[in-house]
Amino acid sequence: MASSDTTPRPTTGASDLAGLEAGLDALDSAPSQDRQSIGRTVLAKVVPPLVAIALVLAVWQGVYWAEIQPDYLMPGPLDVWGEYEEMWLRGTLFEYVWTSVSRGLLGFLIAIAIGTPLGLVVARVRLVRAAIGPVLTGLQSLPSVAWVPAAIIWFGLSNGTIYAVVLLGAVPSIANGIVAGVDQIPPLYLRAGRTLGARGLTSVRHVLLPAALPGYLAGLKQGWAFSWRSLMAAELIVQTPSLGTGLGQLMEGYRTMQNMSGVLATIILILIVGVAIDLLFFSPLERRVLRGRGLLVRSS
């Protein structure tokens with residue numbers, strides 16, 4: 001006998017669909033919630049570094065007042081600030097910074113052009129990896145300043161010496177970064193690319209590089225750090241009027257004059273440039289890449 005109960009019952013599929021729609025609505029509302037919390041985000045990211053800087057300056061000033069060292073060996077923050085004012089009034093502050101930054105950026109771009117294909121070849125060709133993979137790792141651990149005497153013999157006191165030291169410091173890091181990124185690609189991606197017809201340069205452009213981008217970006221970030229440090233090591237030693245005055249040459253000049261305030265001012269400038277490049281370029285790019293892959297964890 002057929003049952004007379006005709007009351008519709010919700011199906012499991014409809015319940016799952018409703019849950020999925022609720023989840024999508026929550027994702028759509030997340031950006032607006034993030035925009036509403038921008039003040040809290042700024043507070044969390046800006047205030048701690050400012051507090052840390054203030055503490056460092058306070059400790060520095062306290063050491064200066066305690067006269068642990070003579071003032072010509074341990075100048076105070078105001079003495080170093082006076083060096084900045086003098087460079088500003090002479091109109092040379094940005095000239096010194098730009099001389100080094102332009103060299104560093106040019107050397108870094110050349111290192112990318114060399115290190116990227118080199119890393120791809122090492123990552124994909126076993127014989128090449130066995131031959132030069134350990135050499136790249138060894139070069140990455142070699143202090144950049146060790147290349148300066150050899151580069152001077154090869155190129156003399158010229159920009160060639162500076163760029164040679166920068167490249168020898170940066171290329172191994174960039175190449176090893178892309179090797180690490182390619183090694184972390186799931187094999188399924190490569191098989192799917194081959195199935196879709198991706199071969200040769202097409203596979204590199206549409207499969208390898210996009211999939212290896214997080215590791216490649218880490219290699220680029222490390223490569224810039226090596227470029228900047230290598231540049232400072234070269235500028236400290238390669239001194240000639242025809243090359244202009246970068247931050248390394250400026251610091252060596254202050255050292256020759258026994259001007260500790262100038263030495264500390266130059267060290268701080270080098271630090272500021274390194275931090276600024278990371279905050280203005282690499283950190284936003286890294287966040288964008290990680291967010292695009294769903295790997296960026298948002299703090300509540």
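Let me start with the loop between α11 and α12, which is where Q258 is found. This is a predicted model, so please hear every value as computed. Q258 has a positive phi of about 60°, although it is not a glycine. For background, most residues other than glycine have a negative phi. Q258 comes after the end of α11. Is Q258 buried or exposed? Its relative accessibility is 65%, and because the cut-off for exposed is over 50%, Q258 counts as exposed.

Now the two helices on either side of that loop. Helix α11 covers residues 247–256, and helix α12 covers residues 260–292. They pack with their axes 8 Å apart, at an angle of about 165°. Angles over 145 degrees count as roughly antiparallel, so that is the term for α11 and α12. The crossing of α11 past α12 is left-handed. Which residues make the contact? From α11 they are L247, L250, M251, Y254 and R255. From α12 they are G262, V263, T266, I267, L269 and I270. On the spacing within such lists, an α-helix has 3.6 residues a turn, so residues three or four places apart point the same way.

Staying with α11, how much of this helix is buried? Seven of its 10 residues are, so α11 is largely enclosed by the rest of the structure. The buried ones are L247, G248, Q249, L250, M251, E252 and Y254. Of these, L247, L250, M251 and Y254 also appear in the contact with α12. The cover over the buried residues of α11 is not from α12 alone: it includes α3 (77–90), α4, α7 (159–183) and α10 (213–237) as well.

That brings me to α4, residues 93–124, and to one residue in this helix, T116. T116 has a relative accessible area of 11%, and because buried means under 20%, T116 is buried. Where does its side chain reach? It comes to the backbone oxygen of I112, at 2.9 Å. Leaving aside residues up to four places away in sequence, T116 touches A111, I174, I178 and Y216. I174 and I178 fall within the range of α7, and Y216 falls within that of α10.

Next, α7 and its partner α6, which is residues 148–155. The axes of α6 and α7 come within 8 Å and cross at roughly 140°. The two are therefore oblique to each other. Here the crossing is right-handed, whereas α11 passes α12 in a left-handed one. On the α6 side, the contact is made by V148, A151, I152 and F155. On the α7 side, G160, T161, A164 and V165 take part.

Last, the whole chain. The protein has 12 helices and zero strands, so to speak a run of α elements from start to finish. There are 300 residues, and 33% of them count as buried. Among contacts between residues at least 6 apart in sequence, 70% join residues at least 24 apart. The accessible surface comes to about 18600 Å², and 67% of that belongs to carbon and sulfur atoms.

To go back over the main points: Q258 is exposed, α11 is largely enclosed, and T116 in α4 is buried.

Note on methods. Residues are numbered from 1 along each chain as its sequence is written. This is a predicted model: local features need pLDDT of at least 70, side-chain atom pairs count only at pLDDT 80 or more; totals for chains, interfaces and linings use all residues. Side-chain values use heavy atoms; hydrogens and water are left out. Helices (H or I, at least four residues) and strands (E, at least two) are DSSP runs, numbered from the N terminus. Buried means under 20% relative accessible area, exposed over 50%, partly exposed in between (1.4 Å probe, protein chains only). A polar contact is a pair of N or O atoms within 3.5 Å; within protein, one must be able to donate a hydrogen and the other to accept it, and residues adjacent in sequence count only if both atoms are side-chain atoms. Contact means heavy atoms within 4.5 Å. Accessible areas come from the Shrake-Rupley method with a 1.4 Å probe; for residues, only the protein chains shown count as cover. Axes are lines fitted to C-alpha atoms, for helices over the stretch in contact, and angles run from 0 to 180 degrees between N-to-C directions. Angles under 35 degrees count as roughly parallel, over 145 as roughly antiparallel, 65 to 115 as roughly perpendicular and the rest as oblique. A crossing is left-handed if the near helix is turned anticlockwise from the far one by less than a right angle, and right-handed if clockwise.
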